[in-house]
Amino acid sequence: MTAGDLDEVLDLNERCTPHVGPVDRDRLAAIVGESSLALVARDAAGLAGFVIVLGPGAGYDSPNYRWFAERYEDFRYVDRIAVDPARHRGGLGRRLYQEVFDHARAEGSPVVTCEVNLEPPNPVSQRFHASLGFTEVGRQDTYGGTVVVQLLERRVDTT
């Protein structure tokens with residue numbers, strides 16, 4: 001992901017809200033600047049999806065990132081991942097996550113973390129993450145209790 005991708009990433013992020021948290025351009029640029037991995041996926045029609053991952057030690061103030069940072073010494077946190085709804089069920093989400101798992105392994109990080117909305121409900125994402133081997137390690141209310149998230153982890157073999 002480059003600075004030239006940010007407007008398209010922001011547009012896709014907005015189209016995927018509330019399943020991906022809202023963000024403005026400046027905050028998105030700051031998150032990407034702190035990321036350990038930020039990828040876009042393109043096809044002939046344009047931006048198909050993206051993923052942004054942060055490692056330990058970031059100054060990121062997200063309550064979900066902070067939850068993991070307080071409990072894990074070494075982790076990779078998927079702050080946001082989105083696939084254009086017109087391209088759902090084509091395997092892109094799995095390919096993006098495979099890049100995340102490969103990145104964690106290369107960094108020697110034993111765990112990948114993320115969250116999925118329980119309120120507002122996102123059962124498709126819950127099933128998808130479970131199919132990738134993610135398990136629940138906690139829950140928390142965010143945005144004044146208007147969003148409840150399931151906090152997930154997947155262990156990565158670093159040997």
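**Reading the fold of a predicted chain**

Read along the sequence, this predicted model follows the pattern α-α-β-β-α-β-α-β-α-β-β.

Q: What makes up that pattern, in numbers of helices and strands?
A: The chain has five helices and six strands.

Q: Why are β5 and β6 called paired strands?
A: Pairing takes at least two bridges between two strands. Strand β5 (residues 135-142) and strand β6 (residues 147-155) are joined by seven bridges, so they count as a pair. They run antiparallel, and T135 stands opposite E153 in β6.

Q: What links β5 and β6, and which residue in the turn has a positive phi?
A: The two strands form a hairpin, with four residues between them. In the turn, Y143 has a positive phi of about 50 degrees.

Q: How do you know whether the chain's radius of gyration agrees with that of a compact globule?
A: Set the value against the rule: for 159 residues, a compact globule would have a radius of gyration near 15 Å. The chain has 15 Å, so the two agree. Along its principal axes, the C-alpha trace spans about 40 × 40 × 30 Å.

Q: What makes a residue count as buried, and how much of the chain does?
A: Buried means under 20% relative accessible area. Of the 159 residues, 48% make that cut. The accessible surface of the chain comes to about 7900 Å², and 49% of it belongs to carbon and sulfur atoms.

Q: How many side chains are charged each way, and how far apart are the centres of the two sets?
A: There are 17 positive and 24 negative side chains, with the two centres 6 Å apart.

Key: Residues numbered from 1 in each chain as written. Predicted model: local features only at pLDDT ≥ 70, side-chain atom pairs only at ≥ 80, totals over all residues. Heavy atoms only, no water. Rg over C-alpha atoms; globule rule 2.2 N^0.38 Å. Buried < 20%, exposed > 50% of the residue type's maximum accessible area, 1.4 Å probe, protein only. Areas by Shrake-Rupley, 256 points an atom, 1.4 Å probe, with all protein chains shown as cover. Lys, Arg positive; Asp, Glu negative; His and termini not counted. Charge placed at Lys NZ, Arg CZ, Asp CG, Glu CD.
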